[in-house]
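Please walk me through this protein and its ligand, one question at a time.

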Amino acid sequence: MAAQHPIPGFPDDFVFGVAAAAYQIEGAVTEGGRGRSIWDEFCAVPGAVARGESGAVATDHYHRYREDVALMRDLGVDAYRLSVSWPRIRPDGTGPVNAAGLDFYDRLVDELCAAGVTPAVTLFHWDLPQALQDDGGWMNRATAERLAELATVVGKRLGDRVGMWMPLNEPVVHTLYGHALGVHAPGLALGFGALQAAHHQLLGHGLSVQALRSAGCGNIGIASNHAPVHPATDGPADIEAADVYDHIVNWTFADPVLLGKYPADELAALLTGPVDDDLATIAQPLDWYGVNYYEPTVIAAPGDGAGTVGVLEVDLPPGLPFAPVPLQGYPTTDFGWPIVPDGLREILTLFRDRFGSALPPVYITESGCSFHDPDPDADGRVRDTRRIDYHADHLAAVRAAMDAGVDVRGYFVWSILDNFEWAAGYRERFGLVHVDYDTLDRTPKDSYRWFQAMLTARRTDRNGDTRLPGS
Ligand code: BGC
């Protein structure tokens with residue numbers, strides 16, 4: 001083992017899981033009656049995705065899911081967070097259900113249960129049926145109702161075996177990248193007009209929670225991306241700009257779900273429709289809240305209109321009330337993201353302070369890092385020591401948040417496999433398992449072995465701390 005890290009103690013029932021999403025791993029985009037998704041269309045736009053790559057084959061999980069479930073079983077995780085492909089289940093988003101599509105997830109869920117891995121299902125991880133997009137997509141209020149219909153179909157079929165449900169993954173990223181800036185599907189650059197798409201996703205969340213409960217499903221939450229926002233300096237202009245940004249990327253997405261209101265009247269005023277009634281629907285009681293964490297953001301007051309957001313280094317339009325600036329002084333992943341484990345502790349304690357008793361138990365529904373891992377060496381090993389460090393340090397941050405009173409119940413690694421990293425394509429590798437994209441061979445990395453050793457030790461010693469052997 002490349003590194004030995006003591007893992008701080010976690011309760012026996014703390015859930016260790018891995019995560020992935022349909023378009024990023026399944027491939028088989030024209031098989032089994034699947035319809036087209038907005039990502040199929042977006043990938044066909046010249047220049048939209050690095051090197052012109054797409055999810056057409058991805059990791060071929062659609063055909064190799066048994067092998068992938070066996071990898072999860074051998075890893076020893078408690079749960080697997082998967083997403084269903086909406087166009088595989090309902091090809092045009094609104095018409096008849098495609099039996100072959102639903103059957104695939106039925107087989108996958110059976111395979112997971114037989115392996116002792118609890119399925120945790122996301123209904124919408126960004127792959128909207130193109131037919132719904134042609135009707136306005138998330139800018140059209142009706143799409144929220146379509147998602148609730150999907151919830152009913154999937155909930156009735158899989159609800160007897162699925163242990164956790166989440167209608168949405170990261171509405172903030174789908175809104176900002178997909179609808180405000182145009183660098184993800186569906187490629188719309190609407191600026192602040194994208195908030196309407198955020199509102200409709202949140203409405204879809206609320207309606208889907210209701211639909212899932214009506215279908216007899218329980219243990220429902222959301223997987224939402226959150227991170228601390230820091231002002232670049234102590235100056236009042238930077239502090240104000242950071243506050244505005246924080247409201248947009250964090251609280252616009254959490255407050256409606258947990259408190260039934262938007263964090264600022266100015267934001268709600270940009271929306272159309274019966275917003276107050278919608279907020280009552282959005283704020284369905286949840287069994288848990290999922291936080292996806294990657295990196296904190298630093299914000300300065302707007303300067304000359306220059307500024308980029310996130311690792312995609314998207315040029316922002318001029319006239320915005322904030323300017324993201326790079327966070328200096330930390331190591332970075334090979335994707336260029338600063339590695340700041342304490343940011344995870346910080347956002348969790350911010351949630352504790354902001355929401356108090358309105359915050360249900362929390363899961364870390366994603367945490368992970370991309371390194372440009374080499375192919376397996378002569379010994380068949382991928383020595384990804386930095387990924388081991390990353391997860392050890394982020395788990396320690398989770399433990400620190402728990403010690404500070406945050407009720408965290410689990411941690412899902414993004415991702416079980418290297419996969420299609422959206423507009424960045426295949427170069428960014430987040431997996432515990434290496435994928436050779438020529439042969440589609442899977443090779444567990446050292447980080448997989450590290451988690452496996454930890455989880456094995458935990459199974460044999462359920463009395464106390466989860467520790468690596470020898471630590
Ligand atoms: C998403 C994943 C993505 C990961 C790394 C999250 O934004 O849910 O689909 O691959 O982060 O970028």
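The questions below cover two helices and the ligand site.

This is a predicted model, where local features need pLDDT of at least 70, side-chain atom pairs count only at pLDDT 80 or more, and totals for chains, interfaces and linings use all residues. Residues are numbered from 1 along each chain as its sequence is written, and side-chain values use heavy atoms, with hydrogens and water left out.

Student: What span should helix H13 (residues 342–355) have?
Tutor: Helices are DSSP runs (H or I, at least four residues), numbered from the N terminus. The expected span is 1.5 Å times one less than the number of residues. H13 has 14 residues and its end C-alpha atoms are 20 Å apart, which agrees with the expected 20 Å.

Student: How many residues of helix H8 (residues 171–180) are buried?
Tutor: Buried means under 20% relative accessible area (1.4 Å probe, protein chains only). H8 is mostly covered. Among its buried residues are Pro171, His174 and Tyr177. The count is nine of 10.

Student: Which residue just after H8 takes a positive phi?
Tutor: The phi is about 80°. The residue is Gly182.

Student: Which side chain has an N or O atom 2.7 Å from an oxygen atom of the ligand?
Tutor: Polar contacts here are pairs of N or O atoms within 3.5 Å. Trp422 has such a pair with a ligand oxygen at 2.8 Å, and Trp414 at 3.2 Å. The 2.7 Å pair belongs to Glu366.

Note on methods
Helix = DSSP H or I, 4+ residues; strand = E, 2+ residues; numbered from the N terminus. Buried < 20%, exposed > 50% of the residue type's maximum accessible area, 1.4 Å probe, protein only. Polar contact = N/O pair within 3.5 Å; in protein donor to acceptor, adjacent residues only side chain to side chain.
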